[in-house]
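Good morning, colleagues. Please take a moment with the sequence and the model on the screen, and then I shall go through the contacts between protein and DNA.

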2 protein chains.
Amino acid sequence: MPRVGLDPAAVVAAGAALADEVGLANLTMGLLAERVGVRTPSLYKHVSSQEDLNRRIAALALSEAADAVGGAIQGYAGRDALAAAARAFHTFVLEHPGRYAATIGVEPSSPDDPLATASRRLLGAFTAVLRGYEIGESDMDHALRMLRSLWHGFATLQVANGFQWSTDIDESFEWLIAFADRGLRTV
Amino acid sequence: MPRVGLDPAAVVAAGAALADEVGLANLTMGLLAERVGVRTPSLYKHVSSQEDLNRRIAALALSEAADAVGGAIQGYAGRDALAAAARAFHTFVLEHPGRYAATIGVEPSSPDDPLATASRRLLGAFTAVLRGYEIGESDMDHALRMLRSLWHGFATLQVANGFQWSTDIDESFEWLIAFADRGLRTV
DNA sequence: CAGGCTTGGCTAATTATATTAGCTTTTAGC
DNA sequence: GCTAAAAGCTAATATAATTAGCCAAGCCTG
């Protein structure tokens with residue numbers, strides 16, 4: 001029987017894609033094995049456990065999100081950068097809900113954990129956005145936490161279908177960008 | 001053997017308490033059964049499945065949160081009401097992380113689902129807060145979504161230990177209240 | 001107060017899933 | 001070609017949810 005030729009990266013990539021399709025909660029080792037064309041136990045040659053798989057998917061997701069946000073703000077500053085970052089992040093979560101969900105609740109084990117690195121990169125992109133505003137040193141951390149809370153909260157609520165009523169959601173998102181911009185301007 | 005004398009409400013209450021203690025992900029039917037003093041299958045006399053249990057815990061959590069927020073804003077308006085609501089919500093999530101987690105991803109099946117009722121009550125409390133600001137009709141839904149995103153995002157990130165660095169988290173929370181207040185004042 | 005019905009609890013069995021053990025075969029490097 | 005690590009497989013184990021079917025407790029009625 002010919003080998004499939006998997007490696008950890010391929011397994012994680014397939015796991016992330018599958019999580020986006022069926023939802024993280026429905027991502028089982030059996031389903032993933034079927035997807036990549038091996039029997040379930042064979043996956044354990046590449047990831048050590050489902051938790052390990054989840055962590056690696058989370059690291060991939062944060063790294064991709066950092067690339068998306070970092071790329072989107074290139075050449076922009078101030079409100080333009082804020083809007084570009086917010087939209088890039090939002091789009092990423094809507095298009096990759098499963099892998100983004102994997103990032104919730106995972107904690108880096110050490111500062112050189114790929115998870116920590118990716119997380120820092122994403123944070124760094126939003127820090128860059130904040131440099132376009134007149135924000136005092138002591139307010140930076142608070143402002144960064146505000147942005148994270150706002151975009152994370154909005155995206156996770158939207159993905160979970162938490163916004164029930166009929167008002168257009170994209171319109172609300174643009175409203176939030178304007179709100180955050182105005183607020184950051186007067187910190 | 002004497003009967004334990006359970007009923008659905010008691011099972012759900014115990015489930016919510018256990019979720020807060022061990023985390024929603026670790027809440028198993030077996031663990032809950034042990035906690036309330038019966039064998040696992042007996043739980044099915046009171047809840048129809050684990051998903052049903054989760055929905056009921058979510059409805060309980062939203063109802064309690066609505067009570068907490070609704071009670072906290074009594075007699076306040078404007079910034080005081082905003083701060084009271086935000087703090088009450090935040091405290092609730094920090095003290096009841098498991099049951100609050102149960103609310104994420106559940107959707108009411110019908111408008112008279114207890115889940116929908118509780119959800120509307122919580123939303124209503126925040127709507128009352130917004131009435132203390134000069135907000136146009138067309139901005140209300142957006143502002144409400146902004147508040148939800150902000151407080152939901154902050155609380156879930158904090159509970160998941162998502163705020164790594166050393167800056168005091170409570171200080172950031174108060175900063176967010178001030179930020180939201182200023183912003184709502186200039187909508 | 002006895003008889004019987006409803007209810008809540010139990011044991012046993014089924015299914016799904018993660019994980020481990022141990023075997024076999026491919027394949028890269030010499 | 002030879003060998004050893006890597007990658008796959010089958011079989012087995014453990015945990016969890018769920019269902020089936022049994023039985024006793026306790027209430028309601030006569």
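Lys45(A) has a polar side-chain atom 3.3 Å from a base oxygen of DNA strand D. I should say at once that this is a predicted model, and that the distances I quote are computed from it.

Let us stay with strand D. Which residues come nearest to it? Of the 20 residues around DNA strand D, they are Arg3(A), Arg39(A), Ser42(A), His46(A) and Gln50(B). Two of these have side-chain contacts to the backbone of the strand. In Arg3(A), a side-chain N or O atom is 2.5 Å from a sugar or linking oxygen of DNA strand D. In His46(A), the partner of the side-chain N or O atom is a phosphate oxygen of the strand, at 2.7 Å. Taking the atoms of DNA strand D within 4 Å of the protein, 57% belong to sugar or phosphate, and the rest to bases. The protein surface near this strand comprises 8 nonpolar, 8 polar and 4 charged residues.

I turn now to strand C. Here, too, 20 residues surround the strand, and the nearest are Arg3(A), Arg3(B), Arg39(B), Ser42(B) and His46(B). Several contacts to phosphate oxygens of DNA strand C involve the protein backbone. A polar backbone atom of Met29(A) is 2.8 Å from one such oxygen. From chain B, backbone N or O atoms of Gly5(B) and Leu6(B) lie 3.1 Å and 3.2 Å, respectively, from a phosphate oxygen of DNA strand C.

Finally, sugar or phosphate accounts for 58% of the atoms of DNA strand C within 4 Å of the protein. The residues near DNA strand C divide into 8 nonpolar, 8 polar and 4 charged.

Technical notes. Residues are numbered from 1 along each chain as its sequence is written. Chains are lettered from A and ligands numbered from 1 in the order in which they are written. This is a predicted model: local features need pLDDT of at least 70, side-chain atom pairs count only at pLDDT 80 or more; totals for chains, interfaces and linings use all residues. Side-chain values use heavy atoms; hydrogens and water are left out. A residue is near a molecule or strand if one of its heavy atoms lies within 4 Å of it. A polar contact is a pair of N or O atoms within 3.5 Å; within protein, one must be able to donate a hydrogen and the other to accept it, and residues adjacent in sequence count only if both atoms are side-chain atoms. Ala, Val, Leu, Ile, Met, Phe, Trp, Tyr, Cys and Pro count as nonpolar, Asp, Glu, Lys and Arg as charged, and the others, Gly among them, as polar.
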